[in-house]
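Student: I'd like a close look at the backbone of this protein, especially the places where it does something out of the ordinary. Could you walk me through one part at a time?

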Amino acid sequence: MNFEFPLQSLPTVMQGPRVERRRVLIGGSAFWGTMVEEGADAGRLRLDDGRLLDADAQTYLPPVNPSKIIAVHISYRSRSMETRNKPKPTETPTYFTKPPTSLNGHKGQILKPADCKYLNYEGEYAVVIGRTCRNVTPDEAWDHIEGFCPALDMGLQDFRDTDQGSMLRVKGADTLLPIGPGIVRGVDLFAQTLRTFVDGRVVQEAHIGEETIWGPHYVIADIARHITLMPGDVILMGTPCHSRSVNPGNVVACEITGIGRVEGTVVAIDAPRAAALGVGHAPTDSPEVRRVALGFDERVPEHFKANLRTAKGE
């Protein structure tokens, strides 16, 4: 079986030409369209009804409607080296889930409650399932992929102490998954570079093919041994090193060469009303929370740290 890299041949989903599908909100209704790749109208969005739009001027909706969102804990070598000090974190992948209500569109607001201190970014690529998938081999898994999206797997690390097993509130709060603006196929994913930006400064960077521990074909085959993946379901494929917290006003973006760029602005909101009544486990600033939120600076490149300090005005 073709588990390892480099791939012996490109699967169909990575073979050109490039196709990008986006979903936009116009007049209160959702419309699908395809980005024009060539000619005089290149860079514009052609809706399925024929209208041609300025792509930059649109309000984007998440280009997915998943029944579930499943995320890999660690799948990049640099992230494993930072957090575990070894190139492979575990023998096989481990996972958590995010609810569909965490979805957010391109250029949306990422909400940071007043009682939470640590809202961390994680730039990732998302895999979108295109066909019902159950009990497949890694080689077969490629044919069940619709395409790929840039994504930001944001996390309120203040809830690590109570939800570290499930990460339900850490990763599942509303707005914590900006994704899109489109679903892309026809691009060699493993030849691309992923970068995360805070206020335009690079804070994460990884060549996907060089850093990947488990590819999406392996992950899909693993999950689908026991869980049926449905069209529109999303698999988040982990982040490279240097996930750190950001502040209200920061603009966070994940850009993947050949695929696209998604961004969102961190916005401060009041603490939940029930928090003042003592409902539930309060956010904490414990050694475990800080271990994850602040990371291991001695194990990441200096320019990432310097760029983040500048972006946060520190």
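Tutor: Happy to; what follows goes through the peptide bonds, the phi angles, one sheet and the cysteines. Please keep in mind that this is a predicted model.

Let's begin with the cis peptide bonds. One lies between Gly16 and Pro17, where omega is near 5°. Pro17 belongs to the segment that precedes strand E1 (19-26). Another cis bond links Gly180 to Pro181, with omega about 5°. Pro181 sits in the loop that runs from strand E14 (177-178) to strand E15 (182-185).

Next come the phi angles. Met167 is not a glycine, yet its phi is positive, at about 60°. You will find Met167 in the loop between helix H3 (160-163) and helix H4 (168-172). The side of the question that concerns solvent is easily settled: Met167 has a relative accessible area of 4%, so it counts as buried. Thr175 also has a positive phi, near 80°, and is likewise a residue other than glycine. Its place is the loop between H4 and E14. With 13% relative accessibility, Thr175 is buried, because the cut-off for that word is under 20%.

Now for the sheet. Three strands form an open sheet in the order E13-E10-E19, and their pairing is antiparallel. At the edges are strand E13 (155-156) and strand E19 (245-246), each of which pairs on one side only. In general, strands of a sheet pair through backbone hydrogen bonds, in either a parallel or an antiparallel way. Strand E10 (residues 119-120) is joined to E13 by 2 bridges, and these two strands run antiparallel. If you want a spot to click on, try Asn120, which stands opposite Gly155 in E13.

Finally, the cysteines. A search of the whole structure turns up 0 disulfides. As a reminder, a disulfide is a covalent bond between the sulfur atoms of two cysteines. Why does Cys254 have no such bond? The closest cysteine sulfur to that of Cys254 belongs to Cys149 and is 11 Å away, so it is too far for a bond; the cut-off is within 2.5 Å. As for solvent, Cys254 is buried, at 0% relative accessibility. Cys116 is buried too, with a relative accessible area of 7%.

To tie this together on your screen, you might visit Pro17 and Pro181 for the cis bonds, then Met167 and Thr175 for the positive phi values, and end at Cys254 with its sulfur 11 Å from that of Cys149.

How values were computed:
Residues are numbered from 1 along each chain as its sequence is written. This is a predicted model: local features need pLDDT of at least 70, side-chain atom pairs count only at pLDDT 80 or more; totals for chains, interfaces and linings use all residues. Side-chain values use heavy atoms; hydrogens and water are left out. Helices (H or I, at least four residues) and strands (E, at least two) are DSSP runs, numbered from the N terminus. Buried means under 20% relative accessible area, exposed over 50%, partly exposed in between (1.4 Å probe, protein chains only). Two strands pair if DSSP finds at least two bridges between them.
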